[in-house]
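Here is a guided walk through one protein model. Keep the structure open and follow it residue by residue, then element by element.

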Amino acid sequence: MAGLHSSLRPNSSSSSSSSSSSSQSFNSKLLLLLTILPLTLAALAFVLQWRGGIEDPTTRWSPDHSEFTVKANSDLTRSSSDCVNILGQSRSASFPYYRDWSFSYRSDLRPKISITTSTSAGLEQILPWLFYHKVIGVTHFFLFVEGKAASPRVSKVLESIPGVKVIYRTKELEEKQAKSRIWNETWLASFFYKPCNYELFVKQSLNMEMAIVLAREAGVDWIIHLDTDELLHPAGGSEYSLRKLLSDVPRNVDMVVFPNYESSVERDDIKDPFSEVSMFKKNYDHLPKDTYFGNYKEATRGNPNYFLTYGNGKSAARIQDHLRPNGAHRWHNYMKTPNEIKLEEAAVLHYTYPKFSDLTSRRDRCGCKPTKDDVKRCFMLEFDRSAFIIASTATEEEMLHWYREHVVWTDKALNAKLLKKGILTRIYAPMAIIQGLRESGTFTSVIESAQINLSKDNFLSAVEGKNASTSTESSPLVSSRKIGHIEDSQATARKVLETTDAADSAAIPPLSPPQLDDEIRFGI
């Protein structure tokens, strides 16, 4: 038996060895297959995406992709700007590729939304502002331009963008606005014939009145007045879309108020506010009363008010008969008191003094004396008055120190506390959208397209024509402070519609948010 067992042991060992070898071979093949298969699939996916075989989901980043369609400008040439085109057509997966594309809204999309503004800014500010609002659903822009914005180099680019109408502040426009019925009414009368901010307020109201007519002719449903340092933030809806937000407004609502948030810059060297600022101070209307007044002193930081400038927001009005402006912040109606709602989450983001240079640029636009009495004649809000005096009397170093103390939020502990309390908030959507548009070459493409489509001869003739019109108008343009004095005004000769008491509602100026003592005096 022992011999039998001894003879069997080698056979058992050989069988075990063969089984182990077979198992190792199978495991090796399985491991090889599991390694090769993902690599093959990844390579196939890469090839398909490179050839356009599959859709990159990042190109569908807009919540409502049907909100606009884009199409290539087939008439653009590819000569001297090939290197820019390559940079603009980056295959980065972070944003869609709008390079050399124009936004083309379907005519059946509703509601159609327009924005009107009065601006003297350059392309570096207007283009990001304009295309951001195109992305969120604005279809028409009525730009009343002067200064840098009216120069041929800027205005020709703006005129080349679909949906944009540029209105120049010419002598003809001034004379036309001198005949406006506004001059014979009382609701704006307290702002007439005053300098600086008051003059701008009247000019904006006259431009808004004209924009209503343009919006009606264009078949627009809603109109909004914004400055080019303000961005609409359509939060609170199922999509980041102004069109969707306004489409959900009940039909019996005439006006939608967007409370404003104010930028809270964290550095004194901001160059591009739309791309560099993400922290904002929330409006009183979007905060619990206890939170607002309980943190008022810390949030104000020694400034005259909770916000540096205005706190009463901006509004969108439904285009309808008898609509009129009610100052830069509201709309009204000659025949009724509008039915108004205020949005609980959506806001206007106001980039207030975000750059140190804003101190001097605002100073240079106003010829008032830097005295406490004279600035009251020129500016409506206390902070604007203080900023003007500092910019007019202090040295560069003193201005920078004042700017850091009153505008820049350098105390990180305070920032963290107010962020936790909800007074401050971080908003990244506009920054991400604008940065994506910039990186994809949208703004560069628009400028190049305008220059290509406008031949050299046409460009020169446009410049010469502008110069000629300027020389023929050698006398100064009639100021909006004075146009009410034109003797030939036909405003009184026009038939004025019978109006209700609502027509006399006074224009709403920029107003500061509630102050700490308002809680005691009015029980807010």
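**From one residue outward**

Ile126 is buried, because its relative accessible area is 0%, and the cut-off for buried is under 20%. The model is predicted. Ile126 sits in helix α3, which covers residues 123-135. Which residues does Ile126 touch, once neighbours within four places in sequence are set aside? They are Thr119, Ala121, Ala149, Leu158 and Thr228. One further pair spans a long stretch of sequence. Ile126 and Asp227 are 101 residues apart along the chain, yet 9.9 Å separates their C-alpha atoms.

Now step back to the helix itself. Helix α3 lies across β3 (113-119), β4 and β5. Its direction makes an angle of about 160° with β4. Helix α6, residues 197-217, also lies across β3, β4 and β5, and across β6 (222-225) as well. The angle between α6 and β4 is about 145°.

Those strands belong to a sheet. How many strands form it, and in what order? There are 7, and the order is β5-β4-β3-β6-β11-β8-β14. The sheet is open, with mixed pairing. Its edges are β5 (164-168) and β14 (340-342), each of which pairs on one side only. Neighbouring strands are turned by 20° against each other on average, direction ignored.

Look at the β5 edge. Strand β4, residues 140-145, pairs with β5 in the parallel sense. The pairing runs over 5 bridges. Phe141 has Val164 of β5 as its bridge partner.

**The whole protein**

Widen the view again. The protein has 19 helices and 16 strands. Of its 524 residues, 48% are buried. Take the contacts with a separation of 6 or more: 78% of them join residues 24 or more positions apart.

**The cavities**

Next, the enclosed space. A search of the whole structure finds 4 cavities of 30 Å³ or more. The largest has a volume of about 60 Å³. Its lining holds 13 residues, and the closest to its centre are Glu262, Lys281, Arg301, Leu308 and Trp409. Which elements give two or more residues to this lining? They are β9 (260-263) and α10 (296-300). By class, the lining of the largest cavity has 5 nonpolar, 5 polar and 3 charged residues.

Two of those central residues turn up again around a histidine. His406 is in contact with Arg301 and Leu308, and also with Asn303 and Phe383, leaving aside neighbours within four places in sequence. Is His406 buried or exposed? His406 is buried, because its relative accessible area is 16%, under the 20% cut-off. His406 lies in helix α14, residues 396-406.

The second largest cavity holds about 50 Å³ of space. Its lining includes Asp254, Met255, Ala317, Gln320 and Leu323. Trp331, His332 and Asn333 also line the second largest cavity, as do Lys336 and Pro338. Which strand gives the most to this lining? Strand β13, residues 331-333, does so, with 3 residues. The lining of the second largest cavity divides into 5 nonpolar, 3 polar and 2 charged residues.

To retrace the path, start at buried Ile126. Follow α3 onto β3, β4 and β5. Cross the open sheet to its other edge at β14. Then turn to the largest cavity, with Arg301 and Leu308 among the residues closest to its centre, and finish at the second largest, where β13 gives the most to the lining.

How values were computed: Residues are numbered from 1 along each chain as its sequence is written. This is a predicted model: local features need pLDDT of at least 70, side-chain atom pairs count only at pLDDT 80 or more; totals for chains, interfaces and linings use all residues. Side-chain values use heavy atoms; hydrogens and water are left out. On a 1 Å grid over the protein atoms alone, a cavity is a set of points where a 1.4 Å probe fits but cannot get out, and a pocket is an open set with protein on both sides within 12 Å along at least five of seven lines; lining residues have an atom within 4 Å of a point. Grid points are joined across faces, edges and corners, and a volume is the space filled by probe spheres set on the points. Helices (H or I, at least four residues) and strands (E, at least two) are DSSP runs, numbered from the N terminus. Ala, Val, Leu, Ile, Met, Phe, Trp, Tyr, Cys and Pro count as nonpolar, Asp, Glu, Lys and Arg as charged, and the others, Gly among them, as polar. Buried means under 20% relative accessible area, exposed over 50%, partly exposed in between (1.4 Å probe, protein chains only). Contact means heavy atoms within 4.5 Å. Two strands pair if DSSP finds at least two bridges between them. Axes are lines fitted to C-alpha atoms, for helices over the stretch in contact, and angles run from 0 to 180 degrees between N-to-C directions.
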